[in-house]
Amino acid sequence: MEKIRCGWCEKDDLYRKYHDEEWGRPVYDDETIFEFLILESFQAGLSWYTILSKRENFRKAFDYFDYNKVAVYSDQKIEELMNNSGIIRNKLKICAAVTNARKFLEVQEEFGSFSKYIWGFIDGRPIDNKPKALSEVPATTEISDKISKDLKKRGFKFVGSTVIYAHMQATGMVNDHIETCFIRK
């Protein structure tokens with residue numbers, strides 16, 4: 001019997017694998033949360049498919065998203081990244097990744113972990129929207145607005161409400177699998 005999935009992932013194996021194994025599953029470890037924060041910020045203005053297809057290149061280029069390493073990237077490393085054709089070569093986004101790593105460490109220091117900070121916005125429990133169709137899935141919510149505003153106040157870059165809502169979906173803070181999707185079963 002064919003599995004029923006959310007319509008957005010029927011494009012190809014890359015999307016299906018991401019949908020089936022990661023999207024909407026709660027993530028509480030800081031390393032994965034940081035990876036998705038950086039990937040989502042690079043996605044701003046682009047398709048998620050573009051980012052997924054370059055994900056391994058991003059991992060290698062950004063020291064497997066080790067925020068301690070990314071936080072101390074030099075101008076030379078930024079130039080190296082600008083010359084890496086395997087990633088999105090947008091200097092503002094690359095510099096934002098470095099800034100966000102530094103701010104990520106500050107949040108960890110303040111809250112004990114970034115996970116504790118970001119999950120604190122929803123009392124540590126995923127929000128289940130139970131959409132019947134993709135058309136019911138929002139691009140932003142009041143909570144993504146609130147998180148975005150707080151992150152910006154803390155100095156994070158490329159963390160608009162749409163980016164944050166996508167991050168919430170990716171890390172399972174919100175479950176937007178449609179009602180008929182096999183993941184819900």
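**Notebook: H167 and the listed binding site**

I began with H167, which counts as buried because its relative accessibility is 0%, and I keep in mind that I am reading a predicted model. H167 sits in helix α10, which covers residues 161-170. Setting aside residues up to four places away in sequence, I found that H167 touches I33, F36, L37, E40 and I118.

Next I looked up the annotation, and the unreviewed UniProt entry lists C6, H19, H177 and C181 under "binding site". These four are spread over 176 residues of sequence, yet they cluster in space, with a largest C-alpha distance of 10.3 Å.

I then took C6, which I located in the segment before α1, the helix of residues 13-21. Is C6 buried or exposed? I have it down as buried, because its relative accessibility is 0% and the cut-off for buried is under 20%. Leaving out neighbours within four places in sequence, I noted that C6 is in contact with H19, H177 and C181, and also with W23, L134, D176 and I178.

After that I turned to H19, which lies in helix α1. H19 also counts as buried, since its relative accessibility is 0%. Which residues does H19 contact, beyond its neighbours within four places in sequence? I listed C6, H177 and C181, together with R5, W8, C9, R25, F182 and I183.

To close the entry, I checked the two contact lists against the annotation: C6 contacts H19, H177 and C181, and H19 contacts C6, H177 and C181, these being residues that the UniProt entry lists for the "binding site".

Terms used:
Residues are numbered from 1 along each chain as its sequence is written. This is a predicted model: local features need pLDDT of at least 70, side-chain atom pairs count only at pLDDT 80 or more; totals for chains, interfaces and linings use all residues. Side-chain values use heavy atoms; hydrogens and water are left out. UniProt positions are given in the numbering used here, feature names are shortened, and annotations may be inferred rather than shown by experiment. Helices (H or I, at least four residues) and strands (E, at least two) are DSSP runs, numbered from the N terminus. Buried means under 20% relative accessible area, exposed over 50%, partly exposed in between (1.4 Å probe, protein chains only). Contact means heavy atoms within 4.5 Å.
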